[in-house]
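This report walks through one protein chain for a reader who has not met it before. The sequence and the model come first, and the description follows.

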Amino acid sequence: MADNQVDNVANDANMSGKRVVRRFTCVNCPLGCDLTATVENGNVVNVEGNVCLRGETYAQTEATNPMRVVTGLVNVSGSEMPASCRTESAIPKALIPKCLQAMRSVELKLPVTIGQVVVPNVCGTGVDVIATRNIGR
Ligand code: SF4
């Protein structure tokens with residue numbers, strides 16, 4: 001199964017720009033359609049393999065600005081158990097390393113409560129990192 005990677009980069013002799021063909025597996029439903037997106041000059045000009053419109057939207061986003069929910073662990077002062085955390089919603093995939101770095105720089109105090117904001121506005125995305133389990137409650 002092709003897994004969200006560049007499969008072919010070629011200069012199209014009939015076009016002025018570079019054409020990139022990318023393949024993805026749609027994760028929006030169990031059918032898992034194999035999608036092929038053609039990108040020219042940074043714009044998705046064609047999507048094939050999708051059964052429904054959600055697949056087309058998914059391929060467009062994956063090809064131009066992929067987003068991910070980020071999960072990680074944050075140290076808790078006075079606890080051997082770190083707090084599991086995640087971003088409240090998806091952030092640009094390119095910011096994952098900086099997001100994880102921000103999580104590593106935090107040390108929470110007991111008690112930790114589910115939904116507690118751990119890192120507000122992580123990496124300037126407008127998205128908070130929140131705790132996903134209670135510790136010491
Ligand atoms: S394109 Fe539509 S039918 Fe295919 S996996 Fe995505 S959501 Fe499901």
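## Around A83

Leaving out residues up to four places away in sequence, A83 touches L73, V74, V76, L108, V112, A131, R133 and I135; two residues are in contact if their C-beta atoms, placed from the backbone, lie within 7 Å. This is a predicted model, in which local features need pLDDT of at least 70, side-chain atom pairs count only at pLDDT 80 or more, and totals for chains, interfaces and linings use all residues. Residues are numbered from 1 along each chain as its sequence is written.

A83 also belongs to the largest nonpolar core, which has 17 residues; V74, A83, C85, I91 and C99 touch the most other members. A nonpolar core is a set of buried Ala, Val, Leu, Ile, Met, Phe, Trp, Tyr and Cys residues joined through C-beta atoms within 7 Å. A residue is buried if 20 or more other C-beta atoms lie within 10 Å of its own, exposed if 12 or fewer, and partly exposed in between, with C-beta atoms placed from the backbone. At least two residues of this core come from each of β6, β7, α2 and β11. A second, separate core has nine residues, including F24, L35, A37 and Y58.

## The chain as a whole

The chain holds two helices and eleven strands. Helices (H or I, at least four residues) and strands (E, at least two) are DSSP runs, numbered from the N terminus. Their order from the N terminus is β-β-β-β-α-β-β-β-β-α-β-β-β. The chain has 137 residues, of which 24% count as buried. Of the contacts between residues at least 6 apart in sequence, 41% join residues at least 24 apart.

## The five-stranded sheet

Five strands form an open sheet in the order β9-β6-β7-β11-β10, with mixed pairing. Two strands pair if DSSP finds at least two bridges between them. At the edges are β9 (107-109) and β10 (117-119), each of which pairs on one side only. From one strand to the next, the twist averages 45°. Axes here are lines fitted to C-alpha atoms, for helices over the stretch in contact, and angles run from 0 to 180 degrees between N-to-C directions.

Helix α2 (residues 96-104) packs on this sheet and touches β6, β7 (83-87), β10 and β11 (129-131). The direction of α2 makes about 15° with that of β6. Strand β6 (residues 71-77) runs parallel to β9, and three bridges join them. V76 has L108 in β9 as its bridge partner.

I130 lies in strand β11. It counts as partly exposed because it has 18 C-beta neighbours inside 10 Å. Apart from neighbours within four places in sequence, I130 is in contact with C85, R86, E88, G115, Q116, V117 and V118. I130 and T71 are 59 residues apart in sequence, and their C-alpha atoms are 9.5 Å apart in space.

## Strands β2, β3 and β4

Strand β2 (residues 18-25) and β3 run antiparallel and are joined by seven bridges. F24 stands opposite L35 in β3. Five bridges join β3 to strand β4 (residues 43-48), again antiparallel, and T36 has E48 in β4 as its bridge partner.

In a regular strand the side chains alternate between the two faces of the sheet. Along β3 (residues 34-40), L35, A37 and V39 point to one face and are buried, while D34, T36, T38 and E40 point to the other and are not.

## Backbone details

Three residues with positive phi are listed below.

| Residue | Phi | Place |
|---|---|---|
| N41 | about 55° | turn of the β3 and β4 hairpin, with two residues between the strands |
| N121 | near 45° | loop between β10 and β11 |
| C123 | about 55° | loop between β10 and β11 |

N121 is exposed, with 12 other C-beta atoms within 10 Å, whereas C123 is buried, with 20. A cis peptide bond joins L110 and P111, with omega about -10°. P111 lies in the loop between β9 and β10.

## The ligand

Which residues surround the ligand? They are C26, N28, C29, L31, G32, C33, N50, V51, C52, R54 and G55; a residue is near a molecule if its C-beta atom, placed from the backbone, lies within 6 Å of it. By class, this shell has six nonpolar, four polar and one charged residues. Ala, Val, Leu, Ile, Met, Phe, Trp, Tyr, Cys and Pro count as nonpolar, Asp, Glu, Lys and Arg as charged, and the others, Gly among them, as polar.
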